[in-house]
Amino acid sequence: MRTRPLKVALLGCGVVGSEVARIMTTHADDLAARIGAPVELAGVAVRRPDKVREGIDPALITTDATALVKRGDIDVVVEVIGGIEPARTLITTAFEHGASVVSANKALLAQDGAALHAAAERSGRDLYYEAAVAGAIPLIRPLRESLAGDKVNRVLGIVNGTTNFILDKMDSTGAGYQEALDEATALGYAEADPTADVEGFDAAAKAAILAGIAFHTRVRLDDVHREGMTEVTASDFASAKQMGCTIKLLAICERAADGASVTARVHPAMIPLSHPLASVRGAYNAVFVESEAAGRLMFYGPGAGGSPTASAVLGDLVAVCRNRLDGATGPGESAYAALPVSPMGDVVTRYHISLDVADKPGVLAQVATVFAEHGVSIDTVRQQGKDQSSSRSGEAGTEGEASLVVVTHRATDAALGGTVEALRKLDTVRGVASIMRVEGE
Ligand code: HSE
């Protein structure tokens with residue numbers, strides 16, 4: 001074993017960074033044996049130097065992250081500060097000064113992954129980021145390496161624990177969105193400002209990264225269609241139950257049927273209770289990968305938290321250190337397929353539409369005609385009278401209101417959008433109560 005240690009600079013010492021530092025210290029001998037050389041924490045860049053950080057030599061703490069990455073003797077920079085800047089500049093500077101980089105920064109990789117990979121390649125160094133998607137769950141390496149000989153057609157995942165906790169609560173208790181969010185906040189799952197999670201930004205960044213790797217194509221955050229889950233209601237869950245489904249916020253990356261393009265999207269969707277993703281409870285994450293030769297694979301585990309995320313960071317650290325000792329680099333960006341990313345309108349799926357309609361003769365025929373005119377084939381229709389105790393709904397000469405639930409066969413999102421627009425114009429359609437895609441069948 002080499003006795004001269006490999007030097008590691010840690011950028012950020014919050015929930016994840018402090019766990020990385022702790023495990024580097026407590027498992028130093030095992031890490032050295034696995035790598036073939038000791039690894040030494042050479043500096044820790046923080047914003048608040050006065051904070052007590054147990055187990056970290058105060059002499060290593062600095063507020064000057066730029067000076068740390070420019071030192072020239074750093075072998076690996078571990079970036080766990082998140083956000084776009086200063087992380088982007090620090091990573092680029094680290095490459096320019098000869099370091100490899102391990103990052104957990106999904107937002108930056110989803111926005112600027114190609115430029116960062118190019119910087120790594122120019123400097124002959126590694127850029128690894130297993131921790132950027134779904135915490136501890138091995139996903140990037142299986143997609144980049146284990147499935148490198150296969151053809152991935154679909155990646156379908158629950159990649160945000162906060163929203164899965166909220167939706168699971170709504171499903172199991174009948175709670176509304178706000179009540180479930182309040183509980184998630186009280187238990188520390190949701191942040192004070194939950195926007196990034198509940199509006200799907202976090203999941204969209206992860207979808208961009210997964211789609212890029214799965215399809216060997218550059219997919220940026222802007223290419224991902226995103227809808228949050230703040231409008232999912234208790235009544236949507238009741239409808240889902242009637243269909244034998246539950247509702248999950250899904251990240252879905254798909255190759256088109258003709259293989260000529262791909263799509264990436266994040267939105268709430270009904271999923272059959274028989275699908276493995278339906279049983280992912282609480283704040284757990286899971287990703288379902290469908291590939292040509294391997295078939296269906298599922299990756300499951302804790303998608304966030306200090307210790308699980310540190311596990312992924314340390315796995316990368318070991319791999320990058322081994323590469324440095326070998327004078328090699330691991331796989332870089334693979335974007336050779338360069339498939340176009342199609343807009344949401346091209347996505348083909350099934351839909352569950354709930355309409356409030358006038359309950360009188362001919363309404364069902366009118367609604368069905370609108371679907372037919374837009375080429376959307378209806379699978380099932382269910383009608384339920386509303387407020388039936390106070391009206392003789394449906395009888396000649398009276399006009400009650402009914403709830404009409406239409407489930408379609410597969411159609412494009414554009415066709416469904418046109419259908420809904422036309423339905424809204426019908427006098428007899430009082431409102432479109434909800435539209436939910438049905439996935440995983
Ligand atoms: N906030 C994320 C989640 C974890 O709830 O899953 C970090 O991506």
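Between domain 2 and domain 3 of this predicted model, an area of about 1,100 Å² is buried, and carbon and sulfur atoms give 60% of that area. The size of an interface is often given as the accessible area lost when the parts come together. The two domains belong to a chain that is divided into three parts: domain 1 (6-135 + 307-326), domain 2 (142-301) and domain 3 (345-438). Domain 1 is thus written as two segments of the chain, 6-135 and 307-326. The contact between domain 2 and domain 3 takes 13 residues from domain 2 and 10 residues from domain 3. Taken over C-alpha atoms, the centres of domain 2 and domain 3 are separated by 27 Å.

**The ligand and its surroundings**

The residues around the ligand are Lys106, Asn160, Gly161, Thr162, Asp197, Asp202, Lys206 and Ala304. By character, this shell divides into 1 nonpolar residue, 3 polar residues and 4 charged residues. Two helices, α7 (161-173) and α10 (201-215), each supply at least two residues of the shell.

Which atoms of Gly161, Thr162 and Asp197 lie beside polar atoms of the ligand? The table sets out these pairs.

| Residue | Atom of the residue | Atom of the ligand | Distance |
|---|---|---|---|
| Gly161 | polar backbone atom | oxygen | 2.7 Å |
| Thr162 | polar side-chain atom | oxygen | 2.5 Å |
| Asp197 | polar side-chain atom | nitrogen | 2.9 Å |

Gly161 therefore takes part through its backbone, given that a polar contact is a pair of N or O atoms within 3.5 Å. Thr162 and Asp197 take part through their side chains. On its own, the ligand has 260 Å² of accessible area, and the protein covers 81% of it.

**Thr173 in helix α7**

Helix α7, which supplies residues to the ligand shell, also contains Thr173. The side chain of Thr173 reaches two backbone atoms: the oxygen of Lys169 at 2.6 Å and the nitrogen of Ala175 at 3.1 Å. Thr173 and Ala234 are 61 residues apart along the chain, yet their C-alpha atoms are separated by 9.5 Å.

**Two points in the backbone**

Most residues other than glycine have a negative phi, and most peptide bonds are trans. Where does the backbone of this model depart from a trans peptide bond? The peptide bond from Glu85 to Pro86 is cis, with omega near 5 degrees. Pro86 lies in the loop that runs between β4 (76-79) and α4 (87-96).

The other point concerns phi. Ala134 is not a glycine, although its phi is positive, at about 60 degrees. Ala134 is located in the loop between β6 (127-128) and α6 (140-146).

How values were computed. Residues are numbered from 1 along each chain as its sequence is written. This is a predicted model: local features need pLDDT of at least 70, side-chain atom pairs count only at pLDDT 80 or more; totals for chains, interfaces and linings use all residues. Side-chain values use heavy atoms; hydrogens and water are left out. A residue is near a molecule or strand if one of its heavy atoms lies within 4 Å of it. A polar contact is a pair of N or O atoms within 3.5 Å; within protein, one must be able to donate a hydrogen and the other to accept it, and residues adjacent in sequence count only if both atoms are side-chain atoms. Accessible areas come from the Shrake-Rupley method with a 1.4 Å probe; for residues, only the protein chains shown count as cover. Helices (H or I, at least four residues) and strands (E, at least two) are DSSP runs, numbered from the N terminus. Ala, Val, Leu, Ile, Met, Phe, Trp, Tyr, Cys and Pro count as nonpolar, Asp, Glu, Lys and Arg as charged, and the others, Gly among them, as polar. Domain bounds come from an automatic or database domain assignment. Contact means heavy atoms within 4.5 Å. Buried area is the accessible area (1.4 Å probe) that two parts lose on being put together, summed over both.
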